[in-house]
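Student: Could you take me through this protein model with questions and answers, so that I learn how each statement is reached?

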Amino acid sequence: MAILPLLLCLLPLAPASSPPQPATPSPCPRRCRCQTQSLPLSVLCPGAGLLFVPPSLDRRAAELRLADNFIAAVRRRDLANMTGLLHLSLSRNTIRHVAAGAFADLRALRALHLDGNRLTSLGEGQLRGLVNLRHLILSNNQLAALAAGALDDCSETLEDLDLSYNNLEQLPWEALGRLGNVNTLGLDHNLLASVPAGAFSRLHKLARLDMTSNRLTTIPPDPLFSRLPLLARPRGSPASALVLAFGGNPLHCNCELVWLRRLAREDDLEACASPPALGGRYFWAVGEEEFVCEPPVVTHRSPPLAVPAGRPAALRCRAVGDPEPRVRWVSPQGRLLGNSSRARAFPNGTLELLVTEPGDGGIFTCIAANAAGEATAAVELTVGPPPPPQLANSTSCDPPRDGDPDALTPPSAASASAKAVDTGPPTDRGVQVTEHGATAALVQWPDQRPIPGIRMYQIQYNSSADDILVYRMMPADSSSFLLTDLAPGRTYDLCVLAVYEDSATGLTATRPVGCARFSTEPALRPCGAPHAPFLGGTMIIALGGVIVASVLVFIFVLLMRYKVHGGQPPGKAKTPAPVSSVCSQTNGALGPTPAPPAPEPTAPRAHTVVQLDCEPWGPGHEPVGP
């Protein structure tokens, strides 16, 4: 028992245990400035010339700025375990690749800046784990694709999304429609050509929508816009107003944009790009009555077709209007036709039946519709019995498929194709085309003055060889028009429309007067004057022949003169060769003997005449034997 008091006395002398010391912070990376003395911790490395994310980062940092460097990729381990990071800036680097799950540990991150890099796409796993992200800046990249699930983890918290200055042609509109808390949406300076109707209807908190400098020709009405009566510029807008910017787009100012024209604006600089009558005009200076549409008019349709069962068939229907009408087909049984295992519907209005059956025959209806109305046309299809089977050794070739829109018409069927064109849509009796030649035609139509408020007539026509529509405008008192600059040997489809003021609505409307089809005369080639290349070639050949003949005549003359002069050049006298005389006696006893030497001259004396036989001796002569 005496030991216990001793131990109690020694206890105060034992050293007390020290409290736990805070962890030693990681060293600050080279060329960086670190704030580690007080919370929150921050690592600042802007313009430090970094090629990658420093591995020695303090994982407790709440702010990390790595802008204006040369970082090319973000790896999975670069930002691991940084669960307290709130702000991350990777702006103006050379980042081309972000690993899947690179931000998975940044569950507290509020702002991510990836602008000014070289990203070309954003997949579903690259932004995984950012459940508290509010600001996502992806501008000034090279984004051409954005995955539908790329924003799933931050769809409920995101307030600011900037996708401007990229190469986006399409967007996951359904995914964007789920961003219920977004306030600012930047889609400007992309390649967007269309926006689906209702794309922004669920963005109840949207305050600014920027679609400047895209390829939009129209903007569909949206419930979001209808709830906000004032669309104004930021400086003069109330807190509840929506700021909508859509300048720099090639707007097609027709009736589809009347809703936008009726909204109040201040001084925005949007302009119309089409139609030609309104091209270049200030959008807000165009009157509402000038935003007109044209109802569709069927200009091409297939003639009655007859095909054997089991073969394909193509039904064609072309229509024009403003906006461009959409063509649909209805079967003889009243069913709306589309792409299926037996049929294909093409955007150009062609319906292809891949394999016809006896029950497919009947009247097919082509319906062309747009915002101004619809037009219908009937095409009859007759399905006959299947063709008899061919022998195995038959050498006949299968005919081209009628249903192939890209099939070429063989030359042997050119006349049949021409007849098929002539049996197209019937010519309206009210519109007549007379006195048509190779490049001109006179169009006549009846007076439409009973139509109240008629303003003008519009002629629209196109050639069967292309789909380019040509417009001509005439005064209201006109009843004929001379078309010029037509192509020879072409078939044209022409329609006349009356433009009038609708007394019920007060807007400009159009009414078809009638349509006609005509063909221009083929061009005649002149027979009298040959073409310049042919004439020039003939002259060259003739001149060359004359030169060759002259040379041959000159050579022939030289040869003849050479022969006449005995092989001597002309101009020189022919020198006779020396000739020796060989004489022999006539008694025949002796043969030819050499000529005796010439006698020396002596005084004349009496001679004895002896008859000798002499033969010349010289060049070209040989002695003749006995």
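The conversation below goes from the whole chain to its disulfides, its aromatic rings and one aspartate.

Tutor: Before we begin, note that this is a predicted model, in which local features need pLDDT of at least 70 and side-chain atom pairs count only at pLDDT 80 or more, while totals for chains, interfaces and linings use all residues. Residues are numbered from 1 along each chain as its sequence is written, and side-chain values use heavy atoms, with hydrogens and water left out.

Student: How many helices and strands does the protein chain have?

Tutor: Helices (H or I, at least four residues) and strands (E, at least two) are taken as DSSP runs and numbered from the N terminus. Counted in this way, the protein chain has 6 helices and 35 strands.

Student: What percentage of the residues in the protein chain is buried?

Tutor: A residue is called buried under 20% relative accessible area, exposed over 50%, and partly exposed in between, using a 1.4 Å probe and protein chains only. Of the 626 residues in the protein chain, the buried ones make up 36%.

Student: Among contacts between residues at least 6 apart in sequence, what share joins residues at least 24 apart?

Tutor: Contact here means heavy atoms within 4.5 Å. Among the contacts in the protein chain between residues at least 6 apart in sequence, the share that joins residues at least 24 apart is 57%.

Student: How many disulfides does the structure hold?

Tutor: A disulfide is a covalent bond between the sulfur atoms of two cysteines. In this model it is recognised as a pair of cysteine sulfur atoms within 2.5 Å. By that rule, the number of disulfides in the structure is 6.

Student: How many residues apart in sequence are the parts that Cys 255 and Cys 293 tie together?

Tutor: Cys 255 and Cys 293 form a disulfide with their sulfur atoms 1.7 Å apart, and with -95° about the S-S bond this link is left-handed. Because Cys 255 lies in the loop between β15 (251-252) and α4 (258-261), and Cys 293 in the loop between β16 (272-274) and β17 (294-301), the parts that the pair ties together are apart in sequence by 38 residues.

Student: Which of these two, Cys 255 or Cys 293, counts as buried?

Tutor: Cys 255 has 26% relative accessibility and therefore counts as partly exposed. At 7% relative accessibility, the one that counts as buried is Cys 293.

Student: Is the disulfide of Cys 317 and Cys 366 left-handed or right-handed?

Tutor: The sulfur atoms of Cys 317 and Cys 366 are 1.9 Å apart. Cys 317 is buried with a relative accessible area of 1%, and Cys 366 is buried with 0%. The torsion about their S-S bond is about -65°, so the disulfide is left-handed.

Student: In which strand does Cys 515 lie?

Tutor: A disulfide joins Cys 495 to Cys 515, S to S 2.2 Å, and with 105° about the S-S bond this link is right-handed. The pair links distant parts of the chain, 20 residues apart, with Cys 495 in strand β32 (residues 491-501) and Cys 515 in strand β33 (residues 508-519).

Student: Why is the pair of Phe 283 and Phe 291 called edge-to-face?

Tutor: Rings of Phe, Tyr and Trp (its six-membered ring) pair if their centres lie within 6.5 Å, and planes under 30 degrees apart count as stacked, over 60 as edge-to-face and the rest as tilted. The structure holds 8 aromatic pairs. The rings of Phe 283 and Phe 291 have their centres 5.5 Å apart, and the pair is edge-to-face because their planes are at 70°.

Student: Which residues do ring pairs link into a cluster with Phe 283?

Tutor: Phe 283 and Trp 284 form an edge-to-face pair, 4.8 Å centre to centre with 85° between the planes, and both residues are buried. Phe 291 is buried as well, at 3% relative accessibility. With Phe 283, ring pairs link into a cluster Phe 246, Trp 284 and Phe 291.

Student: Which side chain does a polar contact join to that of Asp 360?

Tutor: Asp 360 is placed in the loop between β24 (351-353) and β25, and with a relative accessible area of 15% it is buried. A polar contact is a pair of N or O atoms within 3.5 Å; within protein, one must be able to donate a hydrogen and the other to accept it, and residues adjacent in sequence count only if both atoms are side-chain atoms. At 2.5 Å, the side chain that such a contact joins to Asp 360 is that of Arg 342.
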